[in-house]
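Okay, everyone, thanks for coming. I'd like to walk you through one corner of a model I've been looking at, so let's put it up on the screen.

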Amino acid sequence: MPKSKSAYSIPTKKEKSDTYIFVVWVDNEAGVLARVVGLFSGRGYNIESLAVAEVDAVKNISRITIVTTGTPQVIDQIKRQLTKLVPVHKVAEFKREDKNVIFKEMALFKITGKKKKMDKCLNVCKKFDLVILDETKTSKVIQITALRREIDKISKKLKPWGLVSASRTGAVAMTRGAKIFN
Amino acid sequence: MPKLYTGAEIVFKCLEDQKVEHIFGYPGGAVLPIYDELKNHTSIKHILVRHEQGAGHAAEGYARSSGKPGVVLVTSGPGATNVVTALTDAYMDSVPLVCISGQVPTHLIGTDAFQECDTTGITRPCTKHNWLVKDINDLSEIMHEAFKVATTGRPGPVLVDIPKDIQFAKTKYKKPKKEKKLNGKSKNEFSQKQIDQLIDLLKNAKKPVIYSGGGVINSGPKASDALREFVELTGFPITSTLQGLGAYPGDDNQFLGMLGMHGTYEANNAMHDCDLLINIGARFDDRITGKIDEFSPNSKKVHIDIDPSSINKIIKVDLAIVGDVAKVIGKVNKTILKKKNGHNKSNKSNIAKWWEQIQKWREKDSLNFINSNNSIKPQHAVQRLYELTKDKDTYVTTEVGQHQMWAAQHYKFNKPNRWMTSGGLGTMGYGLPAAVGVQIAHPEKLVVDIAGEASVLMTMQEMSTAVQYNLPIKIFILNNQYMGMVRQWQELLHEKNYSESYSEALPDFLKMAEAYGCKGIKAENPSELDYKIQEMIDYNGPVIFDCHVDPNENCFPMIPSGKPHNQMILGPNDQEENKIKGKGKALV
């Protein structure tokens, strides 16, 4: 920030930021995603990934999963601000390192090139629930599910071996065991 | 078979069931069916403004002075965009507004039709919630919910966008449901344990201070009563934010005056040095806290607020009590009284030393100014206005700038809901239309807009509204020919480079008054001030009072840029002393 003499408030030292996952239950109505996303952009919060779909067709409830980074104070604010929105029913937030929560992201990869290189790709993806969705002599479309950072790593690795297109869902989350979010 | 009503009829049935008596609005193509229906509902009076922003601010003034939600009716497109400033203003200052806007017919939405705009998209960040009514069968429920959302929890503006075809369509009317739960949006879940914790803190405090805000006003007159009892029971000093003025009597000895950027020396020093800070219905705004790192460094902090998202947003607190101020403080008072029966040892003796210290700060007389016999000092003008109107249960609105701060410093409010000013958004042009709304809510009361000549020109057209409805509002303009606060900052912080802050070619306000059909009064000399103010008060009709004041006066005290509470710039007397010691320059 440039040094202005008339700056009334000067930014103070920052705490450490961490990655958190928010799960938000909302009424599935027009504009609800814009409200949630607008809250993030309007207040300067960051969105790393976002996944949303209806989960209860009878009650008309959608579940939004947002990955974000922020200091504990900012994360606390995000939660309180989200809870205030009228169509929001409940909000849960987890640290990415939380062992009691499963985070998964799905990715589709299109690989083209010689068989040898494509096999190399398949080999790397094997342990991530690999599914081959489509194949021709010169191409493959595959699906994997993994953690966000694992997918980051794999896609980097596959690039030189013929990865031409990648599509990712953004993380979704669920707690381990019989307990549900409250 | 139940009777079918048109959308326009349903709008009015809802307004009637919500006990709405006044709406502020401006007609246009997309709301014509609603305007057509107006004649059939005599319990609702429509106030025709001259610009939709004026409708919004008038509704704000109405709401803040009466405690009831303000209702606004505007057309699509420019009607809706013009009201955005007022909605944002209401959102920042937690004022309950229900804005009904017309929209192009459903089948034209998204086609860039004439006077179409994405109203719900534009107003989403400046309302608590908004609705686009796409199905006539949802209209009654949405209208009732709109009032509920606007008035419960932390109040705020909402908007209902109604396409023209929906206004014509017919359906059954649904009455408001009783006590519909808004999935926990209005919280009141504090526990006795929290109250007990607070009592413990009160007992042990040696240097306490109460910092109250607009939440006390919003919570209703009972909250102000509870606050007064609380201050009396504890014997603690109390300071208030701009929005909280009037919740506690401004002329009481326990009141330290306003705090913050232009707050008093004693209030800000008490905030800085205290060991217990009790925030009641305020939000640690940046004009209050100054430099966050050095804000009240040695205190335990308590925050009582109805909005959970206000807690720990700016300042981390040691004890947070989420709830309605009236209920929380009521409970605290009860608990104190109960416990006093056990051991009647009040801690008033504990804080005697603290009061001595406060007395020393008070002796600085930080609101002082050097009065003059030749020119009217703006502070003097506000003081005279106060003295001449204080026995009249006067309602005061303001615009934004120096005059606003002088009004806050020198006009002493003794009752809640008497002071309407744009604090959060700082909207120049707020005061005149707000005065219109206040006068509508209180036709028999004296309503004064303490204004600056630059601000008031932004919404001057609403004088025409005041004249049309014969609203005897008094526009008291402290005319210094500058955007005074801008000029002050330029003088203190930008080497006196008065870039674009002088208004050349100001209108002749007397002729302007004449043109609008109201009374104009001009005062240029301190000796004529009193009788001219009296003339203004006595005149039964709207008045524009052009009070020519010293153009070079600055608003002190002031916390300069990036400084904590205990490093204030004081008024001219003190600066003179400092100059002798060679420290004067350091202040700038």
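**A sheet and its helices in chain B**

Let's start with a single pair: B:Thr397 stands opposite B:Met420 in β16(B). One thing to keep in mind is that this is a predicted model. The strand facing β16(B) here is β15(B), residues 395–398, and the two pair in the parallel sense over two bridges.

Now zoom out a bit. Six strands of chain B make up an open sheet, in the order β16-β15-β17-β18-β20-β19, and the pairing is parallel. Which strands stand at the edges? Those are β16 (419–420) and β19 (519–523) of chain B; each has a single partner strand, so one side of each is left without a neighbour in the sheet.

On to the helices. α17(B) packs on the sheet, where it touches β15, β17 and β18 of chain B, and its direction makes about 135° with that of β17(B). Then there's α23(B), residues 526–538, which lies across β18, β19 and β20 of chain B and runs at about 165° to β19(B).

Back to α17(B), residues 402–410, since it also packs against α16(B), residues 378–389. The angle is about 45°, with the axes 9 Å apart. With oblique covering angles between 35 and 65 degrees, α16(B) and α17(B) are therefore oblique to each other, and the crossing is right-handed.

Who's touching whom? From α16(B), we have B:Pro378, B:Gln379, B:Val382, B:Gln383 and B:Tyr386, meeting B:Gln402, B:His403, B:Trp406, B:Ala407 and B:His410 in α17(B). That contact splits into five nonpolar residues, five polar and no charged.

How values were computed
Residues are numbered from 1 along each chain as its sequence is written. Chains are lettered from A and ligands numbered from 1 in the order in which they are written. This is a predicted model: local features need pLDDT of at least 70, side-chain atom pairs count only at pLDDT 80 or more; totals for chains, interfaces and linings use all residues. Axes are lines fitted to C-alpha atoms, for helices over the stretch in contact, and angles run from 0 to 180 degrees between N-to-C directions. Helices (H or I, at least four residues) and strands (E, at least two) are DSSP runs, numbered from the N terminus. Angles under 35 degrees count as roughly parallel, over 145 as roughly antiparallel, 65 to 115 as roughly perpendicular and the rest as oblique. A crossing is left-handed if the near helix is turned anticlockwise from the far one by less than a right angle, and right-handed if clockwise. Two residues are in contact if their C-beta atoms, placed from the backbone, lie within 7 Å. Ala, Val, Leu, Ile, Met, Phe, Trp, Tyr, Cys and Pro count as nonpolar, Asp, Glu, Lys and Arg as charged, and the others, Gly among them, as polar. Two strands pair if DSSP finds at least two bridges between them.
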